[in-house]
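I opened this notebook to record what I looked up in the structure, chain by chain and then where the chains meet. The entries follow the order in which I checked things.

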Amino acid sequence: MGSGKFTALNGIDLLFVAGEFTGIIGPSGSGKTTLLNIIGTLDVPSEGKAVILGKSVGNLSPGESAALRKSQLGFIFQTYNLFQVYTVFENVEFPLLLQGIETSKRKQMVLDALEWVGLTEKIGSRPAQLSGGESQRVAIARAMVKRPAIVLADEPTANLDATNSHHILQTMEKLNRELHTTFIFATHDEKVIGYVRRKIFLLDGKVSKDEIIVKN
Amino acid sequence: MLVFKLALRNLLGAGLRTWLNVIVLSFSFVIIIWTKGILEGWDRQARADMIKWEIAAGQYWHKDYDPYDPLTLNDSHGTIPDGLITNNNSASIVPVLITQGTLYPMGRMLPVIIRGIEPQQNLLALPTIKLKETDGDVPAIIGSAMAESTKLREGDYVTLRWRDKNGTFDATEIRIAGIFETNVPTVDVGQIWLPIEKLREMMLLPEEATILITGTDFSNAPALDQWIYKNQKSLLSDIEKIIKSKGAVGIIIWGIMLMMAMLAIFDTQVLSIFRRQKEIGTYVALGMTRGQVVKLFTIEGATHSVLAAIAGAVYGIPLLATQAVKGISIPISSSDFGIAMAERLYPVYSLGLIAGTILIVLMVTTVVSYWPSRKIAKLNPTEALRGRIQ
């Protein structure tokens, strides 16, 4: 804390290709979340340039960046960030409401998304009635329901046990494979690292290693 | 439209928290309207009672008469102008002779205003028919407040002393022929009513009067020498002033009630923004602009008052309507309370009062909801997502 200037990221030069399943890996304070926030247009770089889906983050107006997030970006958070007063259906429906999609189409898209994550039987439940794994699956459905180009997941398994973590990761891997959605994780969880096909290691705001894993 | 839909969804989803706020706010609605309705009803009743018991359609006052200066009473009397009687208006004119006197109830001495009035009159609600003389004694009627303070009851005899036009003191025994209930203290407290002919005889002032109460409006009648016409409006001006000052008290009560209601909304909003930071961050992450989130929270706050108006209407309309028809029983008599108040008060709830109150509460609620919500526009979404206090 204090008035001193803190550099979260320094000299980052990365290119993400559509359909990647990438992990940004590093210890706490290495700049993972900051990088994810910049990609998600929730933050802007103080220097340099970040281009997301052909648009420079620094040049976007608040309305333009909101529109980009609304249509092309999905978020999955460590603490799920579900709306507690909404049902599972309403939580997943929310991004579609923002897009103004008509009711019948919206309903079908929500049901499809819940089917991807295997939660159709919990449609009327509220987040308080769900387990951690179920909550994160609802969060994945909410991120995926609008078929975004990129899903950004910040420590998605940090609050889950091993079984649930694997379940979640398998679900996301399946969606990545079937829908060709780009997944970018910020994590230091070994379980996540085991699933990603590209590992970007961050240390003190700099990329220390960027490796592509070839899986059979 | 989307923001309205989301606001309603959030409010209904919040369940008990929303309904508690709505119920508190609806109480404020009903109490504000109820208080204003009582004051309005009280005002109307006061005006109506003044006209019924004291003013009638208007009054001619002797040019020297000043009701606030008893010393003028000795000189403020004159004969009734011929013009008034020959105009065939005698039936709608009731002369009243007014003088000072002293009453001696149970050995005490009490200064009083003696008013002589025609027993047959029917312009005022006073039961003057009881002033018809019987067996040569002097009948008098007094109000219940006067009876209470003098401990006089119907049938009691009491000594009354007065000074005639020559300044000679005289006294006689009068009989309390009747006690009337009224909400108008100016015909009750410190007043004693006698038959006018008897008082004229006592005062040595035949055919004279101090004021002439009229049954029709004489505003356009030609001016009379020695007499000044006061129409209903000018005679009600004093009570209008009292009502106006009471209105200020009403506004203060109204303001306090409104402030209490708004405090509940403001508190809810501040708490919401504090507690729902993660939610705010999530809204932004999912594609809402900060402006939309501000609008969402403002509408959420303001919707409380819409729901409160509906909830208030559900129980308030039957409650207030019943009161308006049946009235409210006031347990304290006017003499004990010190101001004119009927035993049964009929509140008046005008459409303007109800619509105005709802509109003002809605507008103030919207402002009070917007005020703390502006903070959202300054929130850093990445910090909000982490739920960090900013």
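**Entry 1: the overall form of chain B**

What radius of gyration does chain B have, against that of a compact globule of 390 residues? I noted first that I am working with a predicted model. For chain B I found 31 Å, whereas a compact globule of 390 residues would have a radius of gyration near 21 Å. I then looked at the box that the C-alpha atoms of chain B fill along the principal axes, and it comes to roughly 100 × 50 × 35 Å.

I turned to the domain assignment of chain B, which gives domain 1 as 2-52 + 239-385 and domain 2 as 58-216. The C-alpha centres of these two domains of chain B are 51 Å apart. In secondary structure I recorded 12 helices and 13 strands for chain B. Of its 390 residues, 39% are buried, and among the contacts in chain B with a separation of 6 or more, 79% are between residues 24 or more positions apart.

**Entry 2: the overall form of chain A**

I put chain A through the same list and found seven helices and eight strands. Its radius of gyration is 17 Å, which agrees with the value near 17 Å that a compact globule of 216 residues would have. Along the principal axes, the C-alpha trace of chain A spans about 45 × 40 × 40 Å. Buried residues account for 43% of the 216 in chain A, and of the contacts between residues at least 6 apart in sequence, 69% join residues at least 24 apart.

**Entry 3: the sheet of chain A**

In which order do the six strands of the open sheet in chain A stand? I read the order as β4-β5-β6-β1-β7-β8, with mixed pairing. β4 and β8 (206-212) of chain A are at the edges and have a single partner strand each, so one side of each is left without a neighbour in the sheet. From one strand to the next, the twist averages 15°.

I followed the edge at β4(A) further and found that it runs parallel to strand β5 (residues 150-154) of chain A, to which four bridges join it. In this pairing A:G74 stands opposite A:V151 of β5(A). Helix α5 (residues 132-144) of chain A packs on the sheet, where it touches β4 and β5 of chain A, and its direction makes about 170° with that of β4(A).

**Entry 4: two backbone angles in chain A**

I checked two residues of chain A that have a positive phi without being a glycine: for A:R147 the angle is about 50°, and for A:T41 it is about 60°. A:R147 lies in the loop between α5 and β5 of chain A, while A:T41 is found in the loop between α1 (32-39) and β2 (51-52) of chain A.

Is each of them buried or partly exposed? With 26 other C-beta atoms within 10 Å, A:T41 is buried, whereas A:R147, with 15 such atoms within 10 Å, is partly exposed.

**Entry 5: where chain B touches chain A**

I counted 17 residues from chain B and 20 residues from chain A in the contact. On the side of chain B that touches chain A, α1 (2-14), α8 and α12 of chain B each supply at least two residues, and α1(B) gives the most, with five residues. Sorted by class, this side of chain B has seven nonpolar, six polar and four charged residues.

I then took up helix α8 (residues 277-285) of chain B, which is mostly covered, with nine of its nine residues buried. Which elements cover the buried residues of α8(B)? The cover includes α2 (62-72) and β4 (73-76) from chain A, and α9 (290-326), α11 (351-378) and α12 (381-385) from chain B. Just after α8(B), I noted that B:G287 takes a positive phi of about 120°.

**Entry 6: a strand pair in chain B**

Last I looked at strand β5 (residues 138-143) of chain B, which is mostly covered, five of its six residues being buried. Six bridges join β5(B) to strand β7 (residues 169-180) of chain B, and the two run parallel. I noted B:I176 in β7(B) as the bridge partner of B:A140.

How values were computed: Residues are numbered from 1 along each chain as its sequence is written. Chains are lettered from A and ligands numbered from 1 in the order in which they are written. This is a predicted model: local features need pLDDT of at least 70, side-chain atom pairs count only at pLDDT 80 or more; totals for chains, interfaces and linings use all residues. The radius of gyration is taken over C-alpha atoms; the globule rule is 2.2 Å times the number of residues to the power 0.38. A residue is buried if 20 or more other C-beta atoms lie within 10 Å of its own, exposed if 12 or fewer, and partly exposed in between; C-beta atoms are placed from the backbone. Two residues are in contact if their C-beta atoms, placed from the backbone, lie within 7 Å. Domain bounds come from an automatic or database domain assignment. Ala, Val, Leu, Ile, Met, Phe, Trp, Tyr, Cys and Pro count as nonpolar, Asp, Glu, Lys and Arg as charged, and the others, Gly among them, as polar. Two strands pair if DSSP finds at least two bridges between them. Axes are lines fitted to C-alpha atoms, for helices over the stretch in contact, and angles run from 0 to 180 degrees between N-to-C directions.
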